[in-house]
Amino acid sequence: MQKQYRKLTEDEILKLQSAGSTASNWQDVFVTTDFSDYNISNVHFTGKVYLSSGITLVDISDLGTSGKTSFANGTEVGVMKEDGGLEVIIHDNLTSMEAAFEVQETTTNPALVKALQQKAFDYAKQIESDGSIIEEGAVVKNCLQLTDVHIGPKAHVIGATRLVDVSINSLPEAPSGVGANVIMEHVIVGSDSHVTDAAQLDNCFVGQGCHIGRMYSATQSLFFANCHFENGEACAYFAGPYSVSHHKATLMIACMTSFFNAGSGSNQSNHSYKMGPNKYGQLLRGAKLGSSSYVYWPMQIGAFSTVIMHHVGHQDLRDLPFSLITEGRDGYTHIIPAQAFRSVGTRRDALKWPKRDKRTEGKATRRDLLNFSMLSPYTVTYILKAIEVLTQMQNEGVTEYKKCIISPKHIDRGIALYNQAIKMYLAQVLKASEGLKASSEGTGEWTDFGGMLVPKAEMIAALEAGKTFEDVEPLIAQYEYNWAAAHFDLSDKASLIAEGEKAEQEWNASLDEDGERDVQACNIEL
């Protein structure tokens, strides 16, 4: 229900004035009908402002509005392709799934993308206001300029330098915060998120459970659930859930990631100084960029792969997931397929992500629908392609793949590790299949829409029928079993589970050894 506001009474104006507050026009300051229990001092109101009960406003140089505003809702954010064409329309309820769909399906499903974007524009028009809004229990102190802002319930905005056209979608059970010297223009911040320590954001969306601080700067970028960014820089970046960068001199530009970590000094290029910054790339879920790594877009990196050193070959390496991608002394890109699958770090990542969800419990407040599975129809599809690629190379006796080098021993070991992963996956699916009967739904291509793994055809059909990503989520377990049954012979369930459990025991044993070696390497005698 829309709140009811009234003008200040003469007594309220006198009280505010006696506490050091001023206004360009006190008739432009409105309060809720139950306005009470407030702490307001040394605030200069400019333009219209709507205030709720229980707020604290202290030492604010300029709080007001420039006119009509939707608080960054309806803003076009030009991710990935800086010269245009992959815009996402941000709004308060934007999810990683919707944003990823807009980017990934722009050319293949333009009508659906336009429909999603139109809903965003309609929402922006619906919430349009002629004044800034401060909700119940918000605490705003020591700020310079706050223009066209919507500050949600229980939010804390302390020491901000400039907020212009900004929504802070704090919730009483999931408060958000903005800290000292922060500058934000045309930005939406989700619940449970914090932007602090002189961060500077322009034309950005910050989802739920995020932390952006320590002078991080970003423009034309999206950050979704549980992202953590400090010190570095982003431009035209789609940071899917659990994307992380802590280091100075780290640039994320014109790319899409999720469940990702950027090493110190990692860098990418999207500009060849010819036709402008029109290049972009993707690192599939779980990928990493090592310290001082460099990638020249366009390039596609497979799921759970690690990139180190320097790469300018523009290869599509999605069909070799879990790989180590490095630079050889010969200057070529060298690949060790499935290397990450035998790394204890990969297991650690898969286990830690669910535990590090900073979003408040409760489906009602968690917008991004995340699948944390390391092995799924999405990744196993690529594993099957990898086995096909490596087997062909093995049979032909070649060591070059898309201008990359793979040694014979790494081809052999890669095939073995990929097969081990498949055994583990089948056991995983079968142990979760109690009561399920296979059908044809979900047996085609699976895709990753911003952290949600879904069969593409079924997801598109649902959206075309007016349904949502939330409507599809309860069906995913059934779809996954259908997919496995369509691609593998699951008739001998007991044997497949036994083989998978044995493969997982061997896998865990090898990872335990890997972890022990890593620990021993840290033991330095003093």
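Contact means heavy atoms within 4.5 Å. The legends below describe a predicted model, in which local features need pLDDT of at least 70 and side-chain atom pairs count only at pLDDT 80 or more, whereas totals for chains, interfaces and linings use all residues. Residues are numbered from 1 along each chain as its sequence is written, and side-chain values use heavy atoms, with hydrogens and water left out.

**Figure 1. Surroundings of Ser 176, in the loop between β12 (162–168) and β13 (177–178).** Strands (E, at least two residues) and helices (H or I, at least four) are DSSP runs, numbered from the N terminus. Ser 176 counts as buried because its relative accessibility is 1%; buried means under 20% relative accessible area, exposed over 50%, and partly exposed in between (1.4 Å probe, protein chains only). Residues up to four places away in sequence are not counted among the contacts of Ser 176, which include Lys 154, Ala 155, His 156, Ile 168, Asn 169 and Ser 170. Gly 190, Ser 191, Asp 192, Ser 193 and His 194 also touch Ser 176. A polar atom of the Ser 176 side chain lies 3.2 Å from the backbone nitrogen of Asp 192.

**Figure 2. Thr 32 in strand β3 (residues 29–32).** With a relative accessibility of 3%, Thr 32 counts as buried. The side chains of Thr 32 and Asp 34 are joined by a polar contact of 2.8 Å. A polar contact is a pair of N or O atoms within 3.5 Å; within protein, one must be able to donate a hydrogen and the other to accept it, and residues adjacent in sequence count only if both atoms are side-chain atoms. Apart from residues up to four places away in sequence, Thr 32 touches Lys 3, Gln 4, Tyr 5, Arg 6, Leu 51, Ser 52 and Ser 53. Gln 4 is 28 residues from Thr 32 along the chain, and the C-alpha atoms of the two are separated by 5.8 Å.

**Figure 3. The largest pocket, with about 870 Å³ of space.** On a 1 Å grid over the protein atoms alone, a pocket is an open set of points with protein on both sides within 12 Å along at least five of seven lines, whereas a cavity is a set of points where a 1.4 Å probe fits but cannot get out; lining residues have an atom within 4 Å of a point. Grid points are joined across faces, edges and corners, and a volume is the space filled by probe spheres set on the points. The largest pocket is lined by 31 residues, and those closest to its centre are Tyr 123, Ile 127, Ile 133, Glu 135 and His 150. By class, this lining comprises twelve nonpolar, 13 polar and six charged residues. Ala, Val, Leu, Ile, Met, Phe, Trp, Tyr, Cys and Pro count as nonpolar, Asp, Glu, Lys and Arg as charged, and the others, Gly among them, as polar.

**Figure 4. The second largest pocket, with about 710 Å³ of space.** Its lining consists of 35 residues, and Gln 104, Gln 282, Arg 318, Tyr 382 and Thr 447 lie nearest the centre. At least two lining residues come from each of α2, β24 (255–257), β27 (281–283), α5 (377–396), β38 (446–449) and α9 (476–487). The largest share, four residues, is given by α5. The lining divides into 13 nonpolar, 15 polar and seven charged residues.

**Figure 5. Helices α2 and α7 and their burial.** Helix α2 (residues 96–104) is largely enclosed by the rest of the structure, because eight of its nine residues are buried. These are Ser 96, Met 97, Glu 98, Ala 99, Ala 100, Phe 101, Glu 102 and Val 103. In helix α7 (residues 456–464), Glu 458, Met 459, Ile 460, Ala 462 and Leu 463 are buried. The cover over the buried residues of α7 includes α2, α3, β38, β39 (452–455), α8 (469–472) and α9. Just after α7, Gly 466 takes a positive phi of about 85°.

**Figure 6. Cys 255 and Cys 404 in a structure that holds zero disulfides.** A disulfide is a pair of cysteine sulfur atoms within 2.5 Å. Cys 255 is in no disulfide, and the nearest cysteine sulfur, that of Cys 235, is 10 Å away. Cys 404 is likewise in no disulfide, with the nearest cysteine sulfur, that of Cys 255, 19 Å away. Cys 255 counts as buried at 0% relative accessibility, and Cys 404 counts as buried at 0%.
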